[in-house]
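Me: I am new to this structure. Please take me through the terms used for it, and show how each one is earned.

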Amino acid sequence: MRIAVCLKYVPDPSTIEVDPLTGLIDAGRVLYMMNPADESALELALRLRPSNGTVTVFSVGPVEADRLLQDALAAGADAALRVWDDSLGSLKPIVTTMLLAAALRVKELPDLVLCGGHSVDRGSGTVPALLAEHLDWPVATDVTQFELRSGRMRVQRRLARGARAESEVTLPAILGLESGLVHLRQASLPNLMRVKHTPIPLYGLEELGLSPQDLHFPAMTLHEVMPPRPRTRVMFTPDIHGSVQERVAQIMSAGVAGKTGKILESGTPEQQADAIIAFLRQRGFLEQPT
Amino acid sequence: MTTHPANQQFDVIVVGAGPAGSAAALLAARAGLKVLLLERGEYPGAKNASGAVFYGSAILNELIPNWWEQAPVERHICRRDIAFMSPTTAVALDFRSAGVGFATAPYNGFTVLRPKFDRWLAAQAEAAGAFVLTSAVVDDVLREKGHIVGVRVRREQGEIYGKVVIACDGVNSFLAKKAGLQREFHPHELSLGVKEVIGLDPAIIQDRFHLTDNDGIAFEYLGAITEDVHGGAFLYTNRDSLSLGVIGQVSSLVERRKRPYELLERFKAHPAVAPLVRGGKLREYSAHLIPESGWAMKPKLYTDGMLVAGDAAGFCLAAGLYLEGMNYAMQSGLAAAETAIFACQKNNFSARVLAAYQKNLKQRHVSTDFRAYRHAPSFVNGPRLQNLYPEMVARGMEQIFRVDGTPKRKILPLTYRMVRQSTIKPGQLLRDVYQVARAYLW
């Protein structure tokens, strides 16, 4: 059984300092690490690996990401591969997954791909699904447990409000794992020393058979960075037209009124839309017209 | 000596990538030895903390010419202040030099931020050929027939062998104790330093401290700032931040039931300090033990197969006028590396050959300096010189300058009255004057 694990090189949140004036991160002080969810995926892959199986680790990132792939090798991964091209800058998940899919195809496609479900930096949580799209494979996301049963993967998925779902996927498949399921094992000293200077194979766009045009998607451009501001909110004031009892009741409830719905039955669609907009404005969800 | 697999056998194993360890690894690697530098932190410098003014510029310049051009230094120190404080007053002695060596290369000292600086220094050792391994906690020494032949790292198959082990694992050196070279310290021999790094705009720092460009200042404070805890305080300028902290003797912190961070808060609120830190933003907080007793806590520095350097050997000169550690750490690390190189040439790693370390330390002025100031620490770090006299100076100046309609007193009767009012006996005062003279004058 061949297992692939995708690792992301992310900033360590404990080293991040935000300049309070500009809201930008002080890049000089940031240290990088293996994304925690990916780390847990790697450990699960190593535990799952049968005696004749292999675990290969992949990462899309600059040369500094070699350190994290070396750490994965020290922990017991069999091979590592890094994808990067100097023309690549900050990557969108769609591009990252195209590169990963191409890298997975370099050698024989694996039977199982494990990904951390969310990264600590962007955390869009889209990589497993997008990767599945590129490979046309089944995917299970938010996975908390999995078990291999006669060639099929039985997975437990986390749903909202503590609910769990059990489902089965056929291999080859992609699993997006929750973070913090297990801790990565500690590498032995000889392994740690062996990988220190192990070169990591690097695949650029050319080696992957991609051209810059393939990766061209309408670019997101950063226009302005502003410190976060709380949303403006309409302050509660009791309705002066009501009786004394009503006003006291309103004040005592501190403006927390039970949710009251209103069903718009009459009027044209335009009138109903206007009524909804007016309602949202009144509640402070929409800005007042200037 | 038993042979071990080649990848687990080194000539020199240096434990701890601080200034001592990295300097030792750098020099030994340059001599063509197979060097392993072990560091417990995630990267060299991750766990290291100090003031931090590095007064070893000239020493490092011999190893790496014009090192300050490539290293992450903050400001070079060409202004030094010593301030005597009472709770509301400060009297300062201000030294400023644009002279050779202070404002010009190789400079006298630099403020540094240890995580950055130590990381850079270890990278220099790595570039010279040393094998740097991080996240490697050393638990014990390995012995064969009484000789130390390596160390055990807290990992699976963690045994690693080296002909010489250089212990640079800092104050409270675990290795020196495991090797039976060092005893447990007494609380009165150690000080606890707590430090904050406070971010401030470079332009504000220049204005506020009357500095131009990359000039920097080192303030040291004595007196009532630590209340009745024996200790002092410091404030140094970095490029866009200030490093400031309070140092208190561990035994008196315990006796007086004082928490170090309370002292730090009080220090920051002192009228002479508050305007200097105003508007700053706290960036880092750290604390570290300081071996302050110098000569008295020096361990046996070598045994069969092992040398001790840096803070592990107590090479931190905390003697009033001098607050230096990193330069002596580096010097002792270099002396240890020279000894290891010598032992490798002789192919003999017994204590008899490693005894050359003492001679090398003398040549690098480490042991001579510590011997010369051996009387200073116990006395300087005592309550009268660190707290009482500085406070009296500050109070005395307050009385001299005060104009409130009462008759002016001359200095001698004023001093006499202050001594009478304090707990000091005249005999004690004379003895202290003699002690100061013995500590610094001859």
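Me: The side chain of Glu178(A) is said to make a polar contact with that of Arg158(A). What makes it a polar contact?
Reply: First, the ground rules. This is a predicted model, where local features need pLDDT of at least 70, side-chain atom pairs count only at pLDDT 80 or more, and totals for chains, interfaces and linings use all residues. Residues are numbered from 1 along each chain as its sequence is written, chains are lettered from A and ligands numbered from 1 in the order written, and side-chain values use heavy atoms, with hydrogens and water left out. Now the contact. A polar contact is a pair of N or O atoms within 3.5 Å; within protein, one must be able to donate a hydrogen and the other to accept it, and residues adjacent in sequence count only if both atoms are side-chain atoms. The side chains of Glu178(A) and Arg158(A) come to 2.7 Å, so the pair qualifies.

Me: Why is Glu178(A) called buried?
Reply: Its relative accessibility is 15%. Buried means under 20% relative accessible area, exposed over 50%, and partly exposed in between (1.4 Å probe, protein chains only). So Glu178(A) counts as buried.

Me: Where does Glu178(A) sit, and which residues does it touch?
Reply: Glu178(A) lies in the loop between β10 (173–177) and α5 (189–195) of chain A. Helices (H or I, at least four residues) and strands (E, at least two) are DSSP runs, numbered from the N terminus. Leaving aside residues up to four places away in sequence, Glu178(A) touches Ser40(A), Asp142(A), Val143(A), Thr144(A) and Arg158(A). Contact here means heavy atoms within 4.5 Å.

Me: What makes Glu43(A) and Arg47(A) a salt bridge?
Reply: A salt bridge needs a side-chain nitrogen of Lys or Arg within 4 Å of a carboxyl oxygen of Asp or Glu. Glu43(A) and Arg47(A) meet at 2.9 Å, N to O, so they pass. Both lie in helix α1 (residues 36–48) of chain A, four residues apart, about one turn of the helix. Glu43(A) is buried because its relative accessibility is 3%.

Me: How do you know that Glu391(B) is buried and Arg395(B) partly exposed?
Reply: Glu391(B) has a relative accessible area of 16%, so it is buried. Arg395(B) has 36%, so it is partly exposed. Their side chains meet in a salt bridge of 2.7 Å, N to O. Both belong to helix α14 (residues 383–401) of chain B.

Me: Why does the pair Arg402(B) and Glu398(B) still count as a salt bridge?
Reply: The closest N and O atoms are 3.9 Å apart, which is within 4 Å, so the pair counts. Arg402(B) is partly exposed because its relative accessible area is 45%. Glu398(B), at 27%, is partly exposed as well. Elsewhere, salt bridges that share partners join Arg152(A), Arg154(A), Glu166(A) and Glu168(A) into one network. Over all chains the structure holds 31 salt bridges.

Me: How do you know that β4(B) pairs with β6(B)?
Reply: Two strands pair if DSSP finds at least two bridges between them. β4(B) and strand β6 (residues 110–112) of chain B have two, so they pair, running antiparallel. His76(B) has Phe110(B) as its bridge partner there.

Me: Which other strands pair with β4(B), and in what sense?
Reply: Strand β12 (residues 215–223) of chain B runs parallel to β4(B), over nine bridges. Arg80(B) stands opposite Ala218(B) there. Strand β5 (residues 90–96) of chain B runs antiparallel to β4(B), with seven bridges. β4(B) and β5(B) form a hairpin with four residues between them.
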